[in-house]
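User: Please take me through the pockets, the cavities, one strand and the aromatic contacts of this protein, and show how each answer is reached.

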Amino acid sequence: MEKNGKVISASEAAELAGMTSRRITGMCREGKIDGAFRKGRNWMIPVSSFKRYLEESGRTGTNETEEHDSVKPLAIGNTSYAEVSSECYYVDKTLLIRDLIDDRSTVTLFTRPRRFGKTLALNMIKTYFEKTDEDTSRYFRDRKIWQCGEKYRSYQGKYPVIMLTFKDVKYDSWEDTRESLRLVIADEFKRHTELSGEYAENAAEYAERLENGTLSDVELSRTLMNLTKLLAEYHDSKTVILIDEYDTPIQQGYTRGFSGEVISFMRNFLSGGLKDNPYLAFGVLTGITRVSKENLFSGLNNPVVNTVLEKKYSTYFGFTEQEVQDMAAYYHETDKTDEIRFWYDGYLFGDTRIYNPWSVANYFAGGCAAKPYWANTSENEIIREILSGLTPEIAEELEKVMQNEAVHASLDMEVVYPQISDGNDTVFSFLMMAGYLTPIGMPEETEIGTIASLRLPNAEVRRIFNTEILSWIRNGQASGVIPEIEKAVYSSDAKRLEEALRKYMISSISYYDGAAEGFYHGMMLGLIASLSSRYYIRSNRESGDGRFDIQMEPKTGNLPGILMEFKASSEKEKLSELAENALKQITEKEYYRELQQRGVRDIVMYGISFSGKDVFVKLSR
């Protein structure tokens with residue numbers, strides 16, 4: 001709402017008067033502000049009435065009602081707390097510091113999707129606790145943490161802090177990954193210039209060897225412990241350890257084939273710094289997932305893990321409903337809240353509704369253009385690994401998700417990367433932790449585990465799911481093949497479909513990808529997803545006397561219904577026979593019965609057989 005208009009929102013009025021939105025809303029509800037009225041979920045207030053209220057109550061307001069043109073920019077991609085909190089619009093998350101102090105946990109791991117504020121939160125913690133020559137309390141004096149009292153203020157600037165980020169450790173080999181880890185550690189060592197003076201005599205040789213890369217693997221794995229010791233001795237104080245995106249090099253190790261080496265190193269590295277370390281004050285780690293205790297954290301003393309399912313800390317990563325409303329008021333865009341909610345809301349962290357903060361900030365910074373800002377902000381090749389091993393059961397569940405239905409999963413929150421594609425539950429647990437799915441309500445604890453109903457959270461992820469994730473199924477090679485497949489399906493041309501599929505597989509998959517029927521089932525589901533605007537696509541459901549592989553029900557009466565049945569074999573010479581058997585299975589088990597009951601009279605049946613990169617298609621109607 002522009003300020004030269006005749007009304008302002010309750011959130012705008014609260015900001016101008018230096019009051020809370022809740023109090024302004026209560027005054028409107030009680031009739032204390034003349035002319036206030038409801039617009040959707042929001043209260044709108046006449047400017048003249050509000051000015052009169054301010055005058056009668058003796059308030060001048062924190063700003064002039066008519067003039068509020070100077071606004072702070074949004075910090076897109078800036079993770080420096082000092083800069084963001086003092087120069088940009090900042091959503092105050094400083095009470096995270098209060099809760100960490102109250103909990104007194106030795107090691108805490110926060111797992112959240114990418115771009116949900118983890119790095120900025122760690123930098124905030126660093127700025128608050130770190131001993132520096134600068135008086136950094138000035139960055140917190142107008143924040144919520146400072147109002148919590150002397151108990152919490154006494155921790156400000158108290159500790160030396162080690163902060164490492166592994167977000168850019170993305171290499172194809174263990175040798176390059178090890179070198180990148182060494183450089184990250186060496187840079188943090190150099191940041192602590194207090195260790196480079198006379199005090200550093202006992203550390204000089206060690207620091208030099210760290211810098212020139214001559215430390216052994218064992219010595220390098222002990223650098224976190226050694227740095228805490230040096231800092232604690234110099235400052236006569238225990239040390240805080242902060243590690244951002246700890247699981248990035250582990251994910252790379254899994255996708256690139258060196259998971260054993262990287263997990264072995266990270267286990268020893270983290271254990272040295274975080275387990276029974278007398279120089280440690282506390283540690284905080286962030287990542288997307290928790291790598292299972294048996295694989296990585298077996299050396300640690302039970303770190304407290306806070307996932308998206310926990311109620312505690314649920315408001316500190318991502319934006320809450322009130323925070324988004326306040327931001328909309330600040331940028332005079334209160335009429336856009338419904339659009340923002342449709343595109344970027346929908347996550348459930350604990351029992352708190354959460355908006356994607358990266359997308360909301362980009363939305364306001366980009367002139368309120370609604371689109372998927374979260375797409376392609378980070379590589380997530382682990383999902384490609386998951387989808388390449390699709391089973392018919394997983395393909396069926398993914399099809400439900402694509403049709404905006406919920407899927408039910410027993411959640412596995414302790415992911416072991418080499419086992420990540422072992423089953424449905426692991427796949428959907430990972431998609432939830434990565435932010436592609438979200439729970440519908442609080443999960444239920446049962447005798448067999450944590451059961452949750454999962455869905456796509458919002459329009460943004462729905463768009464991403466149908467482009468970014470399906471592009472992994474298609475392997476990025478199918479852009480020219482998709483139109484051919486569409487034309488073949490619409491014209492009921494078996495030969496054309498066969499040629500298009502063969503062309504796709506030759507250019508896109510390895511021989512070993514075609515090991516099981518489930519892979520081809522998932523591949524076909526991805527390739528025909530572009531037809532969902534004209535067909536209801538269903539996978540692996542009961543009809544007649546069995547379960548069809550894929551059914552396509554036309555959304556309009558001028559298209560035929562389609563049934564597809566798949567077979568796979570290692571023997572290419574049997575492809576024709578297998579395709580014929582697939583057709584027979586459709587007719588013998590009467591998979592067409594459901595389509596007929598829905599009023600579809602023209603039904604095209606495809607028997608499709610696969611072997612490695614070869615394919616055979618037979619058609620009947």
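Analyst: Strands here are DSSP runs of at least two residues and helices are runs of at least four, both numbered from the N terminus. The model is predicted.

User: Which five residues lie closest to the centre of the largest pocket?

Analyst: The largest pocket holds about 1300 Å³ of space. Its lining is made up of 42 residues, and those closest to the centre are Ser21, Tyr89, Lys144, Gln322 and Asp326.

User: Which element gives the most residues to the lining of the largest pocket?

Analyst: The elements that give two or more residues to this lining are helix H1 (10-17), helix H2 (21-29), strand S3 (42-46), helix H4 (81-87) and helix H14 (321-330). With 6 residues, the element that gives the most is H14.

User: How many residues in the lining of the largest pocket are charged?

Analyst: The lining of the largest pocket divides by residue class, with 11 of its residues nonpolar and 18 polar. Asp, Glu, Lys and Arg are the residues that count as charged. In this lining, the number of charged residues is 13.

User: Which element gives the most to the lining of the second largest pocket?

Analyst: The second largest pocket holds about 940 Å³ of space. Of the 42 residues that line it, the closest to the centre are Thr79, Arg115, Phe116, Gly117 and Trp358. Helix H6 (118-129), helix H12 (248-256) and helix H16 (357-365) are the elements that give two or more residues to this lining, and the one that gives the most, with 5 residues, is H6.

User: How is the lining of the second largest pocket divided into nonpolar, polar and charged residues?

Analyst: Tyr and Cys count as nonpolar in this division, whereas Gly counts as polar. On that basis, the lining of the second largest pocket divides into 19 nonpolar, 13 polar and 10 charged.

User: Which strand supplies the largest share of the lining of the second largest cavity?

Analyst: The structure holds 2 cavities of 30 Å³ or more, and the second largest of them has about 40 Å³ of space. Its lining residues include Pro113, Val308, Met432 and Leu437. Strand S9 (347-349) and strand S12 (438-439) each supply at least two residues of the lining, and the largest share, 3 residues, comes from S9.

User: How many of the residues lining the second largest cavity are nonpolar?

Analyst: This lining, which has Tyr347, Leu348 and Phe349 among its residues, contains 2 polar residues and no charged ones. The number of nonpolar residues is 8.

User: Which residues of S3 point the other way from Asn42, Met44 and Pro46?

Analyst: In a regular strand the side chains alternate between the two faces of the sheet. Of the 5 residues in S3, 5 are buried, so burial, meaning under 20% relative accessible area, does not tell one face of S3 from the other. Asn42, Met44 and Pro46 point one way, and the residues that point the other way are Trp43 and Ile45.

User: Which residue of S3 is the bridge partner of arginine 38?

Analyst: S3 pairs with strand S1 (residues 7-9), antiparallel and over 3 bridges, and within that pairing valine 7 has proline 46 as its partner. Strand S2 (residues 37-39) also pairs with S3 in the antiparallel sense, over 3 bridges. The bridge partner of arginine 38 in S3 is tryptophan 43.

User: How many disulfides does the structure hold?

Analyst: Cysteine 88 is buried, with a relative accessible area of 10%, and cysteine 368 is buried as well, at 11%. A disulfide would need a pair of cysteine sulfur atoms within 2.5 Å, and the number of disulfides in the structure is 0.

User: How many residues apart are tyrosine 128 and phenylalanine 140, which form an aromatic pair?

Analyst: The whole structure has 31 aromatic pairs. Tyrosine 128 and phenylalanine 140 form one that is edge-to-face, at 4.8 Å centre to centre and with 90 degrees between the planes. Tyrosine 128 lies in helix H6 and phenylalanine 140 in the loop between H6 and helix H7 (150-153), and their separation in residues is 12.

User: How far apart in sequence are the parts that tryptophan 174 and phenylalanine 258 tie together?

Analyst: Tryptophan 174 and phenylalanine 258 form a tilted aromatic pair, 6.5 Å centre to centre with 45 degrees between the planes. Because tryptophan 174 lies in helix H8 (residues 174-191) and phenylalanine 258 in the loop between H12 and helix H13 (259-274), the pair ties together parts of the chain whose separation in residues is 84.

Technical notes
Residues are numbered from 1 along each chain as its sequence is written. This is a predicted model: local features need pLDDT of at least 70, side-chain atom pairs count only at pLDDT 80 or more; totals for chains, interfaces and linings use all residues. Side-chain values use heavy atoms; hydrogens and water are left out. On a 1 Å grid over the protein atoms alone, a cavity is a set of points where a 1.4 Å probe fits but cannot get out, and a pocket is an open set with protein on both sides within 12 Å along at least five of seven lines; lining residues have an atom within 4 Å of a point. Grid points are joined across faces, edges and corners, and a volume is the space filled by probe spheres set on the points. Buried means under 20% relative accessible area, exposed over 50%, partly exposed in between (1.4 Å probe, protein chains only). Two strands pair if DSSP finds at least two bridges between them. Rings of Phe, Tyr and Trp (its six-membered ring) pair if their centres lie within 6.5 Å; planes under 30 degrees apart count as stacked, over 60 as edge-to-face and the rest as tilted.
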